[in-house]
Amino acid sequence: MIEIECFFHNDSTSELKELGIEYNIGDCEKRKMTFININAISPYLTEDEELCSIHSNGVEFIATKSYAEIIKLIKHHVQ
């Protein structure tokens with residue numbers, strides 16, 4: 001098990017997404033998520049920074065940390 005802080009849509013960003021209007025991921029709510037299974041991770045690029053996309057059982061989560069930070073965190077938990 002590993003706990004990672006991820007972005008989740010709030011009412012405002014959900015509405016923008018549904019309307020096809022761009023929104024800033026930083027406007028989303030941040031919550032900790034406990035992962036039991038991670039199938040893959042990949043870089044997630046925004047205009048301002050590189051975050052990390054976490055794929056778990058067919059669902060994509062965007063972490064608040066960079067790809068490199070998540071790799072380091074996972075390696076620490078595996079050892």
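**Figure 1. How much of the chain is tucked away, and how the fold is laid out.** In this predicted model, 27% of the 79 residues of the protein count as buried. The secondary structure comes to two helices and five strands. Follow the chain along its sequence and you read off the pattern β-α-β-β-β-β-α. If you want a frame for your box setup, the C-alpha atoms fill roughly 45 × 25 × 20 Å, taken along the principal axes.

**Figure 2. The five-stranded sheet.** Here we're looking at an open sheet with the strand order β2-β1-β5-β4-β3 and antiparallel pairing. β2 (29-35) and β3 (40-45) are the edge strands, each of them pairing on one side only. On average, neighbouring strands of this sheet are turned by 45 degrees against each other, direction ignored. When you trace side chains here, keep in mind that in a regular strand they alternate between the two faces of the sheet.

**Figure 3. β3 meets β4.** This close-up shows β3 and strand β4 (residues 50-56), which run antiparallel and are joined by six bridges. Getting from β3 to β4 takes a hairpin of four residues. Two bridge pairs are handy for finding your way: A40 has H55 as its bridge partner in β4, and Y44 has L51 in β4 as its partner. Is β4 mostly covered or mostly open? It's mostly covered, with five of the seven residues of β4 buried.

**Figure 4. The β4-β5 hairpin.** Next along the chain, β4 and β5 pair up in the antiparallel sense over five bridges. Which residue of β5 is the bridge partner of H55? That would be E60. So H55 shows up twice in these views, bridged to A40 of the β3 edge strand and to E60 in β5. The hairpin formed by β4 and β5 has two residues between the strands, and N57 in the turn has a positive phi of about 50 degrees.

**Figure 5. Both ends of helix α1, and a threonine inside it.** T13 sits in helix α1 (residues 11-18). With a relative accessible area of 1%, T13 is buried. The side chain of T13 makes a polar contact with the side chain of H9, at 3.0 Å. What caps the N-terminal end of α1? N10 does the job: one of its side-chain oxygens lies 3.1 Å from the backbone nitrogen of S12. After α1 comes G20, with a positive phi near 75 degrees. For picking out faces of the helix, remember that an α-helix has 3.6 residues a turn, so residues three or four places apart point the same way.

**Figure 6. C28, in the loop between α1 and β2.** Zoom in on the loop between α1 and β2 and you'll find C28. Buried or exposed? C28 counts as buried because its relative accessibility is 8%, and the cut-off for buried is under 20%. C28 and N10 are 18 residues apart in sequence, and their C-alpha atoms are 5.9 Å apart in space. N10 is the residue that caps α1, while C28 also turns up in the lining of the second largest pocket.

**Figure 7. The largest pocket.** How much space lies in the largest pocket? About 330 Å³. Of the 13 residues that line this pocket, Y23, N24, I25, T46 and E47 are the closest to its centre. By class, the lining of the largest pocket splits into five nonpolar, four polar and four charged residues.

**Figure 8. The second largest pocket.** This one holds about 230 Å³ of space. Its lining is made of F7, F8, H9, K17, Y23, I25, C28, Y44, V59, E60, F61 and I62. β1 (2-8) and β5 (59-63) are the elements that give two or more residues to this lining. The largest share, four residues, comes from β5. Which classes make up the lining of the second largest pocket? Nine residues are nonpolar, one is polar and two are charged. Some of the lining will look familiar from the earlier views: H9 is in polar contact with T13, Y44 is bridged to L51, and E60 is the bridge partner of H55. Y23 and I25 are listed in this lining, and they're also among the residues closest to the centre of the largest pocket.

Technical notes:
Residues are numbered from 1 along each chain as its sequence is written. This is a predicted model: local features need pLDDT of at least 70, side-chain atom pairs count only at pLDDT 80 or more; totals for chains, interfaces and linings use all residues. Side-chain values use heavy atoms; hydrogens and water are left out. On a 1 Å grid over the protein atoms alone, a cavity is a set of points where a 1.4 Å probe fits but cannot get out, and a pocket is an open set with protein on both sides within 12 Å along at least five of seven lines; lining residues have an atom within 4 Å of a point. Grid points are joined across faces, edges and corners, and a volume is the space filled by probe spheres set on the points. Ala, Val, Leu, Ile, Met, Phe, Trp, Tyr, Cys and Pro count as nonpolar, Asp, Glu, Lys and Arg as charged, and the others, Gly among them, as polar. Two strands pair if DSSP finds at least two bridges between them. Axes are lines fitted to C-alpha atoms, for helices over the stretch in contact, and angles run from 0 to 180 degrees between N-to-C directions. Buried means under 20% relative accessible area, exposed over 50%, partly exposed in between (1.4 Å probe, protein chains only). A polar contact is a pair of N or O atoms within 3.5 Å; within protein, one must be able to donate a hydrogen and the other to accept it, and residues adjacent in sequence count only if both atoms are side-chain atoms.
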